[in-house]
Amino acid sequence: MTVPGQPKRAFQPLLPPGRHYMTMAALEELTVKRFPASIVRPAIFSEFRRLVTDLITTGIVGEIWTDGSFLTEKAEPEVDDMDLSVRVTVEHFETHPLPVRQRLLYALGGGKRYSPVLDTYITVIFPKGDPRVHGGTDDYWAEKWLMGWDDKLKGFAVILLGETDLGFQLHAR
């Protein structure tokens, strides 16, 4: 548990630096099953699974980038420390009715609105030159997820939602 006024302690990351595409089963093996005595980890993963199920049911196609003490060697991570960013292209996002988009933007728009144990964000990716681009949101999250509190490089897990070439689209832009 983090003590107010004390600096955060950095724990060894579970993944080497970089993006690591994983299945839900592989992420669960890495973050939950390898810590059989943990009480917090199964609870966090259960909420994450609920989010993924809700996004799939809604028809969202994209990626979820995961981070936080949940992806470190910390045996009992903070009870609310799985950080994630749902990434979706604007072309796909705009295929959903406005009420669905508004609900997603609210629920995933920062903080713990979706779940008290998940720190959720949504990044809608626009093509270069689109006037709605908010300047570097993809770079922002990549930088944030690749650097630990101790300023050392670390990795983050990526879960694909639906059939997607989102990663290829992003790297090609």
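Are Arg87 and Glu63 buried or exposed? Arg87 is buried, and Glu63 is buried as well. This model is predicted, and the description below concerns its salt bridges.

**Overview**

The structure contains five salt bridges. Three of them are set out here, among them the pair formed by Arg87 and Glu63.

| Salt bridge | Distance (N to O) |
|---|---|
| Glu47 and Arg50 | 2.8 Å |
| Asp54 and Arg50 | 4.0 Å |
| Arg87 and Glu63 | 2.5 Å |

**The strand pair**

The side chains of Arg87 and Glu63 meet at 2.5 Å, N to O. Arg87 belongs to strand β3 (residues 82–89) and Glu63 to strand β2 (residues 62–67), so this salt bridge ties together parts that are 24 residues apart in sequence.

**The helix α2 group**

Salt bridges with shared partners link Glu47, Arg50 and Asp54 into one network. Arg50 takes part in a salt bridge with Glu47 and in another with Asp54. Glu47 and Arg50 are both in helix α2 (residues 40–58), where three residues, about one turn of the helix, set them apart. Asp54 and Arg50 also both lie in helix α2, and their spacing is four residues, again about one turn.

How do these side chains stand in terms of accessibility? Glu47 has a relative accessible area of 19% and is buried, because buried means under 20%. Arg50, at 35% relative accessibility, is partly exposed. Asp54 is also partly exposed, with a relative accessible area of 32%.

Notes: Residues numbered from 1 in each chain as written. Predicted model: local features only at pLDDT ≥ 70, side-chain atom pairs only at ≥ 80, totals over all residues. Heavy atoms only, no water. Helix = DSSP H or I, 4+ residues; strand = E, 2+ residues; numbered from the N terminus. Buried < 20%, exposed > 50% of the residue type's maximum accessible area, 1.4 Å probe, protein only.
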